[in-house]
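Let's take a walk through a protein together, one feature at a time. Keep the 3D view open and look for each residue as we come to it.

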Amino acid sequence: MSDKFMYQNARVKSMEASLFTVQSVARLLDCTTVQSAFRALLDMGFGAGVTMSDCDFDTLFLSEEEKAAAFLREFNVDGALDAFLVQYDFLNLKALFKSKITGKKAVTAPNGLYEVEQIKAWLDVEGQPEAPVQFVKAISELKKLENVSPHAVDCIVDKCTYAYVFSTKKKMGKAAYEYFVRKVDGLNVGAFMRCKRLGLSKSYFEEGFIEGGELDFLPAIYELGTETLKEKCKRTPYEETVAKVVDDGNLVAFEVEQDNALLKVWKDKKDDMFSVAPIVAFYLTKITQIRVAKLAVAGIKNGVEQSQIRERMREIYA
């Protein structure tokens, strides 16, 4: 048993007081104007350096996302959190490539393992020797695209993202591996249901299918339909949620339940001070709280009924 995470986890425990309370979330959901929502988020500790007079939600949320990524970078002992950080880098690869094609300014995410400028250099000069193999593959395949579409770009980059993630299996630990397997399976089942609903071909589904999950049979049963999906998922961790989405077709509810299940992976482990679990649980709680805040604000801006906003709410604590 290693004690290399003890110091970081002790610090995390002291930081937990900064997380949302049930009362603060309720206050946010009760807001009816963007001004009151902005004030609520400031009072909840969002957006260091942002003032009420700004009422700038983009800056507010970007500040929180930067802090979450910086937290991961600071607490990344021996590369144990590489799988979480590299997801930012592949998001930035997407943004930079789409910017290159469209000529529009790239809206990038926070830095992950690599600086945005480093990724841009890899994209501009393909095959740089210091680039990880998954980035080299993604960039090579992106540049070979004859008909560039957002879907094609997303498919290529997402597959390479998870190829990188699973290449760090030995460093990430058992809980993180379970988390990413469940995440990939949830993404693949969601894509299966969407593609079937839209009447899309098997080849379209296969184009976006991500390797690494337990449900590797999905492409083979695609043309057999959703009832076969439900049958094949019996006696798996996905039996209940898959059966529900097949029966009622509510993909929003499925996504909420999947996100909650991903948080649950860490709930029973977050007190293990000898692992990355407390660090990851804190990070994922922060990310979930940012998503909840964005959802609440978007609902207010667009005049969405509170019942619809609450339907899309995730659990906020890992």
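The paragraphs below visit the pockets, a cavity, one helix, one leucine and some aromatic rings. Before we set off, please keep in mind that this is a predicted model.

Let's begin with the open spaces. The largest pocket has a volume of about 1600 Å³. Its lining is made up of 48 residues, and those nearest the centre are Gln 87, Tyr 162, Lys 183, Leu 187 and Arg 291. Which helices help to build this lining? At least two residues each come from H4 (57-74), H5 (82-102), H8 (150-167), H10 (174-198), H11 (202-208), H15 (251-267) and H16 (277-301). Helix H10 gives the largest share, with 11 residues. If you sort the lining of the largest pocket by class, you get 25 nonpolar, 10 polar and 13 charged residues.

Now turn to the second largest pocket, whose volume is about 190 Å³. Here 13 residues form the lining, and Ser 18, Glu 64, Lys 67, Phe 282 and Lys 286 lie nearest the centre. Two or more of the lining residues come from each of H4 and H16, two helices that also supply residues to the largest pocket. In the second largest pocket, the largest share is four residues, and it comes from H4. The classes here are eight nonpolar, two polar and three charged.

Next, look for a space that is closed off. How many cavities of 30 Å³ or more does the structure hold? There is one, and the largest cavity has a volume of about 40 Å³. Around the largest cavity you can find Thr 241, Lys 244, Val 245, Asp 248, Asn 250, Ala 253, Phe 254 and Glu 257. Helix H14 (239-248) and helix H15 each bring at least two residues to this lining, and H14 gives the most, with four. By class, the cavity lining has three nonpolar, two polar and three charged residues.

Let's move to helix H3, which covers residues 34-43. Which of its residues are buried? They are Ala 37, Phe 38, Ala 40, Leu 41 and Leu 42. These buried residues pack against helix H2 (22-30), H4 and H16. Just after H3 you will meet Gly 45, which has a positive phi of about 95°.

A single residue can also tell a story, and Leu 218 is a nice one to click on. Leu 218 belongs to helix H12, residues 218-221. Is Leu 218 buried or exposed? Its relative accessibility is 0%, so Leu 218 counts as buried. Leaving aside residues up to four places away in sequence, Leu 218 touches Asn 188, Val 189, Phe 192, Phe 205, Phe 209 and Leu 229. Lys 232 is 14 residues from Leu 218 along the chain, and their C-alpha atoms are separated by 9.1 Å.

Finally, let's look at the aromatic rings. A search of the whole structure turns up 23 aromatic pairs. In one pair, the ring centres of Tyr 179 and Phe 180 are 5.0 Å apart and the planes meet at 80°, so the pair is edge-to-face. Tyr 179 and Phe 180 are both buried. Elsewhere, Phe 20, Phe 38, Phe 46, Phe 57 and Phe 61 form one aromatic cluster; you have already met Phe 38 among the buried residues of H3. Two lysines also sit over rings: Lys 169 lies over the face of Tyr 177, 4.3 Å from the ring centre, and Lys 196 lies over the face of Tyr 222, 4.6 Å from the ring centre.

Key
Residues are numbered from 1 along each chain as its sequence is written. This is a predicted model: local features need pLDDT of at least 70, side-chain atom pairs count only at pLDDT 80 or more; totals for chains, interfaces and linings use all residues. Side-chain values use heavy atoms; hydrogens and water are left out. Rings of Phe, Tyr and Trp (its six-membered ring) pair if their centres lie within 6.5 Å; planes under 30 degrees apart count as stacked, over 60 as edge-to-face and the rest as tilted. Buried means under 20% relative accessible area, exposed over 50%, partly exposed in between (1.4 Å probe, protein chains only). A charge sits over a ring if NZ of Lys or CZ of Arg is within 6 Å of the ring centre and within 35 degrees of the ring normal. On a 1 Å grid over the protein atoms alone, a cavity is a set of points where a 1.4 Å probe fits but cannot get out, and a pocket is an open set with protein on both sides within 12 Å along at least five of seven lines; lining residues have an atom within 4 Å of a point. Grid points are joined across faces, edges and corners, and a volume is the space filled by probe spheres set on the points. Ala, Val, Leu, Ile, Met, Phe, Trp, Tyr, Cys and Pro count as nonpolar, Asp, Glu, Lys and Arg as charged, and the others, Gly among them, as polar. Contact means heavy atoms within 4.5 Å.
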